[in-house]
Amino acid sequence: MTALGIDYGGTHTKFLLVSQGGEELARETAPTGSIDELGDRVARFLASAPADAFGVTVAGTLDPATGIVGRSTNLPWLDGTAPAEVLSARLGIPGTAVQDGEAAALAEARLGAGRGSDDVFVLALGTGIAGAHVTRGSVRRGAHGAAGEVGHMRVATNGVVCSCGQLECLETAIGGHQLAARWAERGGAGADGATAVDVVRAAESGDESARAALDDAARALGRAILEVSALVDPELIVVGGGL
Ligand SMILES: [Zn+2]
């Protein structure tokens with residue numbers, strides 16, 4: 001029995017094939033494309049590393065009963081679709097969709113930095129900012145599967161409108177390309193194509209505008225963590241993700 005994990009992220013898509021015992025068998029990273037492009041890429045990957053089943057993450061809200069995506073601000077073509085059903089039909093193996101924050105949170109709580117704690121809040125900093133509260137090994141999803149959408153807490157002070165339509169969400173200060181955009185607005189060298197890595201490198205070499213953008217991001221993240229603490233009082237907060 002082998003299983004394929006597909007992390008369908010806003011910028012990159014990662015494949016990881018594991019044995020039943022959790023041993024890593026193969027892995028690959030590719031740029032994110034449409035669901036059809038994803039199906040083609042997975043089919044090519046599976047040609048040399050077959051899997052019996054797959055799980056795919058969804059960056060957005062997901063109805064766990066139907067597997068249908070409610071809203072994905074970073075992958076809007078998924079809205080109203082059932083990605084696991086589409087991929088399953090293309091690949092001929094069963095699969096399931098999991099909200100990305102939930103997948104990251106369960107992995108951290110069960111296998112990672114939260115192991116041993118019954119009450120963990122996990123933040124995953126990437127293109128979007130995902131979050132989930134894991135108590136006694138399961139995620140508190142909320143009535144609409146949207147609990148823990150920390151990225152859309154209004155904790156920034158930059159006057160920027162978020163992809164969700166609200167003003168000054170956490171994601172406008174720190175999510176994906178937003179950090180580089182805030183750097184560029186302050187006169188930083190981070191024009192087109194700059195990434196969070198460029199901002200951090202510039203800050204480390206003394207660039208004041210990069211430092212200011214990072215300070216703003218850290219302050220917004222700190223406010224979000226304070227509000228999460230006030231609201232759910234977790235035993236442990238784990239901060240992870242590509243950023
Ligand atoms: Zn937002």
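**Exercises: bridges, odd phi angles and a zinc site**

D40 is partly exposed, with a relative accessible area of 35% (buried is under 20%, exposed over 50%, partly exposed in between; 1.4 Å probe, protein chains only). The model is predicted, so to speak of local features takes pLDDT of at least 70 and side-chain atom pairs need 80 or more, while totals for chains, interfaces and linings use all residues. Residues count from 1 along each chain as its sequence is written, and side-chain values use heavy atoms, with hydrogens and water left out.

**Exercise 1.** Find the salt-bridge partner of D40 and say where both residues lie.

*Step 1.* Search the whole structure and you'll get six salt bridges (a Lys or Arg side-chain nitrogen within 4 Å of an Asp or Glu carboxyl oxygen).
*Step 2.* One of them joins D40 to R90, with the closest N and O atoms 2.8 Å apart.
*Step 3.* D40 sits in helix α1 (residues 35-48) and R90 in helix α2 (residues 83-91), so the pair ties together parts 50 residues apart in sequence (helices are DSSP runs of H or I, at least four residues, and strands are E runs of at least two, numbered from the N terminus).
*Step 4.* Check the partner's surface: R90 is partly exposed, at 44% relative accessible area.

**Exercise 2.** Work out which residues are linked with D216 in a network of salt bridges.

*Step 1.* Start with R186, whose side chain meets that of D216 in a salt bridge, 2.4 Å from N to O.
*Step 2.* That pair links distant parts of the chain: D216 is in helix α7 (residues 208-232), while R186 is in the loop between α5 (178-185) and α6 (196-204), 30 residues apart.
*Step 3.* Now add R219, which forms a salt bridge with D216 at 3.0 Å between the closest N and O atoms. Both R219 and D216 lie in helix α7, three residues apart, about one turn of the helix.
*Step 4.* Put it together: R186, D216 and R219 form the network. Each is partly exposed, with D216 at 25%, R186 at 39% and R219 at 46%.

**Exercise 3.** Describe the zinc site: what are its protein donors, and what is its geometry?

*Step 1.* List the donors: H152 (ND1), C162 (SG), C164 (SG) and C169 (SG), lying 1.9 to 2.4 Å from the ion (N, O or S atoms within 2.8 Å of the metal, or 3.2 Å for Na, K and Ca).
*Step 2.* Their spacing in sequence reads H-x9-C-x1-C-x4-C.
*Step 3.* The angles among the four donor atoms run from 106 to 122°, and the site is tetrahedral (four donors, all angles between 85 and 135 degrees).
*Step 4.* Look at burial: C162 and C169 are both buried.
*Step 5.* Follow C169 onward: its backbone oxygen lies 2.7 Å from a polar side-chain atom of T172. T172 belongs to helix α4 and is buried, at 1% relative accessible area.

**Exercise 4.** R136 and E168 both have positive phi; is each one buried or exposed?

*Step 1.* R136 has phi near 50° and is found in the loop between β9 (129-135) and β10 (138-139).
*Step 2.* R136 counts as exposed, at 72% relative accessibility.
*Step 3.* E168 has phi near 65° and lies in the loop between β10 and α4 (171-174).
*Step 4.* E168 is buried, at 19%.

Definitions and conventions: Tetrahedral: all angles 85-135°; square planar, octahedral: opposite > 155°, others 65-115°. Polar contact = N/O pair within 3.5 Å; in protein donor to acceptor, adjacent residues only side chain to side chain.
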